[in-house]
Amino acid sequence: MVGPEQNSGGIARVQDTLTNLRIQDDAAPAPTGPLTLEDLYRQHRMRLVRLALLLVDEPATAEDVVQEAFTGLHRNWSNLRDAQAAVGYLRTAVVNGSRSVLRRRKTARDYTPPHVANARSAESLAMLTAEHQAVVAALSQLPPRQREVLVLRYYGDLSEAEIAEATGISKGTVKSTASRALDALQKIMAGR
């Protein structure tokens, strides 16, 4: 049985890992002058790719999901209200695109024998300590909604309200899902 002090240590590791990844992505300089689609791409692309990677666990697929999000934004650029709306649109598009990928994977697995998941790239593993690698590996074992909520909370640094908006679930569901996800993650990590 996991004691409260062990549980808080596991939660702290999850928070530290995802926060460290977020901090690495927040180093982009802010543009001067009117915001362009190119500015958004330079500022947010890598962070969105890492968000998608944490959700779909496959670099090429994460890149595709983000590219589709930017393509959708380009199609709707004339309807854009402001920069914050664009970032929210992109984040929601990445979450929804990742969900679609995961649904397609599940459908494919239902019709064919499951295969071994692709290994992470050497570059992404080199950026993480062994402890952080364990957290990211454990995240991949969570159900999709739990993974989404934890990634958006600790990597995306979003509030419960922002997570609810990005995922289309209520704030109460976000809170309870996060709690269950942290408990499940702790159990996964304790079994390693």
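1. Let's start at a turn: right after α8 comes Gly168, and its phi is positive, near 75°. Bear in mind that this is a predicted model.

2. Staying with α8, the buried residues there are Ile163, Ala164, Ala166 and Thr167. They sit on the same side of α8, because the arc they cover around the axis is only 170°.

3. Zooming out, the protein chain has nine helices and zero strands. Read from the N terminus, the order is simply α-α-α-α-α-α-α-α-α.

4. Now the core. The largest nonpolar core has 47 residues, and the ones touching the most other members are Leu51, Val94, Leu139, Leu150 and Leu185. Two or more residues each come from α1 (4-25), α2 (37-56), α3 (59-75), α4 (83-111), α6 (130-139), α7 (144-155), α8 (160-167) and α9 (171-190). The largest share is that of α2, with nine residues. As background, nonpolar side chains in soluble globular proteins tend to be buried together.

5. Which residues does Leu51 contact, once neighbours within four places in sequence are set aside? Arg91, Val94, Val151, Leu152 and Tyr155. Val94 also appears with Leu51 among the core residues that touch the most other members.

6. On contacts in general: taking those with a separation of 6 or more in the protein chain, 72% join residues 24 or more positions apart.

7. Last, burial and surface. The protein chain has 192 residues, and 40% of them count as buried. Its accessible surface is about 10800 Å², with 54% of that belonging to carbon and sulfur atoms.

Methods
Residues are numbered from 1 along each chain as its sequence is written. This is a predicted model: local features need pLDDT of at least 70, side-chain atom pairs count only at pLDDT 80 or more; totals for chains, interfaces and linings use all residues. Side-chain values use heavy atoms; hydrogens and water are left out. Helices (H or I, at least four residues) and strands (E, at least two) are DSSP runs, numbered from the N terminus. Buried means under 20% relative accessible area, exposed over 50%, partly exposed in between (1.4 Å probe, protein chains only). Contact means heavy atoms within 4.5 Å. Accessible areas come from the Shrake-Rupley method with a 1.4 Å probe; for residues, only the protein chains shown count as cover. A nonpolar core is a set of buried Ala, Val, Leu, Ile, Met, Phe, Trp, Tyr and Cys residues joined through side-chain atoms within 4.5 Å. The arc is that of the directions from the helix axis to the C-beta atoms.
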